[in-house]
Amino acid sequence: MESVSGGIPGAQSIARAAHLLRLVTAGGADGAALHDLARDAGLSRSTAHRLLTALRAEGLVDRDADSTRWMPGPELFLMGSVAAARYDVTGLARDIVRSLAVKTEESAFFSVRRADETVCLLREEGAFPIRSFVLSEGVRFPLGVASAGLAILAFLPDHDVDAYLERHPDLGSAWGGSHGERPLRTRLAETKERGYAINPGLIVEGSWGIGAAVFDRAGRPEWALSLTGVEFRFGPDRMAQLGRTLLAHAHELSARIANARR
């Protein structure tokens, strides 16, 4: 994530607390342990605990008495309910995601762009009994890593792509050499030409995914639909069929979002 300007008083503490809050919510219903939160946030255990305690006092996080794991707090629900009126489009997407899962028999997802990341909002299981569990609600990936983020990044203006890659020169070291700038730019170009993104097991070996961008009324790629499954289900012939089905659903959802926000 892009850091907050150090020139603003208290900005570093706010940025650290916000990062912890995102990590707690990414833990989902099971919550997250203090040592994992501190490690992932790059903080000492004492600093992480101090910030979490302050967030707990405001109701933004909670701590399970039995497991001692940290969970999202009740104030987040209230804030989210208010924010949903402006930002939430999951109600528009839910039946489309379900249709995608039924027609393809693969796990289907709806993700939203949030700054330099994608966040999964909806997951619908397909009928095929062998599934990939790389993605679930609340999971975040940097743009360009999972198929949803690759699809979104591919359809951003070129100058936005350049700026993103300048902000994140460590993608290759963090996610593997296939996410370095040169191979990533190649996949972005292929995605634009094809219309949808392909992730050939680059995050978890044998777990493939395809993603298609969903656009707002102004033509900005703000969301994505994606499918994941095991490698043998994504052969060349079936991939083309899945891609057509995915693009049709993405087009339908883009039109629905545009019409709903007139």
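**Nonpolar cores and a helix crossing in a predicted model**

The largest nonpolar core (buried Ala, Val, Leu, Ile, Met, Phe, Trp, Tyr and Cys residues joined through side-chain atoms within 4.5 Å) has 27 residues, and those with the most contacts inside it are F110, I210, L225 and L253. Here buried means under 20% relative accessible area with a 1.4 Å probe, counting protein chains only. This is a predicted model, in which local features need pLDDT of at least 70 and side-chain atom pairs count only at pLDDT 80 or more, while totals for chains, interfaces and linings use all residues. Residues are numbered from 1 along each chain as its sequence is written, and side-chain values use heavy atoms, without hydrogens or water.

**Cores**
- Two or more residues of the largest core come from each of α5 (90-104), β3 (107-114), β4 (117-124), β7 (207-215), β8 (221-230) and α10 (236-260), with α10 giving the largest share, six residues.
- A second, separate core of 20 residues includes V145, V161, Y164 and L184.

**Helix crossing**
- The axes (lines fitted to C-alpha atoms over the stretch in contact, with angles from 0 to 180 degrees between N-to-C directions) of helix α6 (residues 147-154) and helix α9 (residues 181-194) come within 9 Å and cross at roughly 75°, so α6 and α9 are roughly perpendicular to each other, a class that spans 65 to 115 degrees.
- In contact terms (heavy atoms within 4.5 Å), L150, A151, L153 and A154 of α6 meet L184, R187, L188, T191 and K192 of α9.

**Whole chain**
- The protein chain comprises ten helices and eight strands, which are DSSP runs (helices H or I, at least four residues; strands E, at least two), numbered from the N terminus.
- Of its 262 residues, 44% count as buried.

Definitions and conventions: Buried means under 20% relative accessible area, exposed over 50%, partly exposed in between (1.4 Å probe, protein chains only). Angles under 35 degrees count as roughly parallel, over 145 as roughly antiparallel, 65 to 115 as roughly perpendicular and the rest as oblique.
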